[in-house]
Amino acid sequence: MASAAIKKLNSSVEDLKRQKNIISKLNLAKLPFKISPDRMCDLNLEMARHSSAVLKYQEDKSGIKWIFSSIKKYKVFLIIFEANELGEEIYKEKISNKLQEYSYKTVAQIVDDGVKKNFFIKLNARANTTKDLKIRNVRPSEEIIIEFINWKIDLLASLMKFEKDLVN
């Protein structure tokens with residue numbers, strides 16, 4: 001049941017056993033398509049190639065590059081992005097409460113750096129509910145929204161291309 005690519009390499013019994021063990025522990029049911037075990041190396045190669053393309057994509061996208069420069073920045077960005085899409089208020093204290101593994105100071109530095117670089121902007125939420133003038137709502141800039149959504153579209157397109165080319 002090992003991948004055709006592995007069989008082409010005259011894999012040892014140990015390699016075939018290893019491959020079968022890996023496949024047995026994957027969450028393949030979560031894929032939006034069915035894939036046979038003999039196509040797993042093809043899927044793995046496509047995912048690795050896509051990851052390389054994602055890294056190359058971010059090279060000329062300063063916002064995406066900044067977001068992916070640390071997991072902390074990525075987590076802060078995702079909270080800000082989600083709040084923006086929901087039209088909810090989000091500010092440093094609220095972000096810090098959602099990311100309790102990081103200090104308020106760390107979160108504040110990331111937000112301030114993002115604002116300084118114009119990846120985040122201080123702008124009222126669409127559903128502005130607060131009357132507290134001390135609260136400074138933060139939202140992603142148009143540029144960073146566009147870069148992020150285009151990156152995700154590329155991810156989805158890659159998966160759809162894989163399904164079309166290799167599964168059907």
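At what angle do α5 and α7 pack, and how far apart are their axes? Please keep that question in mind while we look at this model, which is a predicted one, and let me begin with α7 itself before I come to its partner.

Helix α7 runs over residues 104–116, so to speak, as a stretch of 13 residues, and from its first C-alpha to its last it reaches 18 Å, which is close to the 18 Å expected at 1.5 Å a residue. If you look for the residues of α7 that are buried, you will find Val107, Ala108, Ile110, Val111 and Gly114. These residues cover an arc of only 160 degrees around the axis, which means that they sit on the same side of α7. On the face turned away from that buried side, you can find the exposed residues Lys105 and Lys116.

What do the buried residues of α7 pack against? Their partners are the helices α4 (62–67), α5 (71–86) and α6 (92–98), together with the strands β1 (120–122) and β2 (138–140).

Now we can return to the opening question, because α5 and α7 pack at an angle of about 75 degrees, with their axes 10 Å apart, and that makes α5 roughly perpendicular to α7. Where the two helices meet, α5 brings Lys72, Lys73, Val76 and Ile80, while α7 brings Thr106, Ile110, Val111 and Asp113.

I would like to stay for a moment with one of these residues, Thr106, which lies in helix α7 and is partly exposed, with a relative accessible area of 21%. Buried means under 20% relative accessible area, so Thr106, at 21%, is counted as partly exposed. The side chain of Thr106 is joined to that of Ser103 by a polar contact of 3.0 Å. Thr106 and Lys72 are 34 residues apart along the chain, and yet a separation of 8.6 Å lies between their C-alpha atoms.

Let me finish with what follows the helix, where Asn118, just after α7, takes a positive phi of about 65 degrees. Asn118 also appears among the contacts of Ser141, a residue placed in the loop between β2 and α8 (142–167). Is Ser141 buried or exposed? Ser141 is buried, with a relative accessible area of 5%, and, if we leave aside its neighbours within four places in sequence, Ser141 is in contact with Asn118, Phe119, Phe120 and Ile121.

Note on methods
Residues numbered from 1 in each chain as written. Predicted model: local features only at pLDDT ≥ 70, side-chain atom pairs only at ≥ 80, totals over all residues. Heavy atoms only, no water. Helix = DSSP H or I, 4+ residues; strand = E, 2+ residues; numbered from the N terminus. Expected span 1.5 Å × (residues − 1). Buried < 20%, exposed > 50% of the residue type's maximum accessible area, 1.4 Å probe, protein only. Arc of directions from axis to C-beta. Contact = heavy atoms within 4.5 Å. Polar contact = N/O pair within 3.5 Å; in protein donor to acceptor, adjacent residues only side chain to side chain. Axes fitted to C-alpha atoms, helices over the stretch in contact; angles between N-to-C directions. Parallel < 35°, antiparallel > 145°, perpendicular 65-115°, else oblique.
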